[in-house]
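Visitor: I am new to this structure. Please pick one part of it and take me through that part closely, along with whatever surrounds it.

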Amino acid sequence: MKELWDVYNFRGKKLDKKVYRGERLKDDEFHIVVNSWIKNEDNKFLITQRVATKSFPLMWETTGGSGLSGETPIESAIREVKEELGIKLYKKDSKLIGKTLRYYDGCPDILYVFSFTTKNDNIKIQKEEVNDYKWASKEEVLELYKNNKFAANAFFLDAISK
């Protein structure tokens, strides 16, 4: 089933329009994208490796995806982590690191980056999305990034430093 997205203006106000994933958006229309930095009690980050069949094959990253119609950004982040990693996260354990507009031809978005803390490590990966996962220290993530093996996006340094 195709994902249905709400469409927003550059201020983040929801418009009276919905599109399916893959439909072109105008330059002044945006959809929601989320990214979740998950940290455990040992101060390690849960990072995942993308499957070989997706863009940026076998790159390490933090879990993220597009918001579905009717979801708030935090609900999207919690759902994406549940789908891809089988972990239930809670809003009370989250913090918004930042949000920014990103311009991609035909698919501009508003990126929300969250951090979460969890004790849960009962991970069950979604094979269509995730090749592997690991808990990595800040130094390990920075090393992967330095070696072009980590797909960093906006707020990377903010997320890794907090």
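Guide: Let us take the largest pocket, whose lining divides by class into 15 nonpolar, eleven polar and 14 charged residues. The model is a predicted one. The volume of this pocket is about 1,000 Å³. Its lining is made up of 40 residues, and those nearest the centre are Val33, Arg50, Glu61, Gly65 and Arg102. Four elements each give at least two residues to the lining: strand 3, strand 6 (63–66), helix 1 (73–85) and strand 8 (109–117). Strand 3 provides the largest share, five residues.

Two of the central residues lead to strand 4. Arg50, one of those nearest the pocket centre, belongs to that strand and is buried. In fact, six of the six residues of strand 4 (residues 45–50) are buried, so the rest of the structure largely encloses this strand. In a regular strand, side chains alternate between the two faces of the sheet. In strand 4, Leu46, Thr48 and Arg50 point one way, while Phe45, Ile47 and Gln49 point the other. Glu61, also among the residues nearest the pocket centre, is the bridge partner of Thr48 in strand 5. Strand 5 (residues 60–61) is antiparallel to strand 4 and is joined to it by two bridges. Strand 4 also pairs with strand 9 (residues 130–136), again in the antiparallel sense, through six bridges. There the bridge partner of Thr48 is Tyr133.

Phe45, at the start of strand 4, takes us to another opening. Phe45 helps line the second largest pocket, together with residues including Trp37, Lys39, Ile97 and Phe116. That pocket holds about 150 Å³ of space. Strand 3, strand 7 (94–102) and strand 8 each give at least two residues to its lining. By class, this lining has five nonpolar, three polar and four charged residues.

Next come the nonpolar cores. Nonpolar side chains in soluble globular proteins tend to be buried together. The largest nonpolar core here has 19 residues, and the members that touch the most others are Ile38, Leu46, Leu85, Ile87, Leu89, Phe114 and Phe116. Strand 3, helix 1 and strand 8 are the elements that give two or more residues to this core. Helix 1 supplies the largest share, five residues. Setting aside neighbours within four places in sequence, Ile38 is in contact with Lys44, Phe45, Leu46, Val81, Leu85, Leu89, Phe116, Thr118 and Trp135. A second, separate core has 15 residues, among them Val33, Phe45, Ile97 and Val141. Val33 is thus a residue of this second core and one of those nearest the centre of the largest pocket.

Strand 3 has one further part to play. There is one cavity of 30 Å³ or more in the structure. The volume of this largest cavity is about 40 Å³. Strand 1 (4–8) and strand 3 (31–39) each give at least two residues to its lining, and strand 1 has the largest share, three residues. The lining includes Trp5, Asp6 and Tyr8, along with His31, Ile32 and Gly67. By class, the cavity lining comprises four nonpolar, four polar and two charged residues.

Note on methods: Residues are numbered from 1 along each chain as its sequence is written. This is a predicted model: local features need pLDDT of at least 70, side-chain atom pairs count only at pLDDT 80 or more; totals for chains, interfaces and linings use all residues. Side-chain values use heavy atoms; hydrogens and water are left out. On a 1 Å grid over the protein atoms alone, a cavity is a set of points where a 1.4 Å probe fits but cannot get out, and a pocket is an open set with protein on both sides within 12 Å along at least five of seven lines; lining residues have an atom within 4 Å of a point. Grid points are joined across faces, edges and corners, and a volume is the space filled by probe spheres set on the points. Ala, Val, Leu, Ile, Met, Phe, Trp, Tyr, Cys and Pro count as nonpolar, Asp, Glu, Lys and Arg as charged, and the others, Gly among them, as polar. Buried means under 20% relative accessible area, exposed over 50%, partly exposed in between (1.4 Å probe, protein chains only). Two strands pair if DSSP finds at least two bridges between them. A nonpolar core is a set of buried Ala, Val, Leu, Ile, Met, Phe, Trp, Tyr and Cys residues joined through side-chain atoms within 4.5 Å. Contact means heavy atoms within 4.5 Å.
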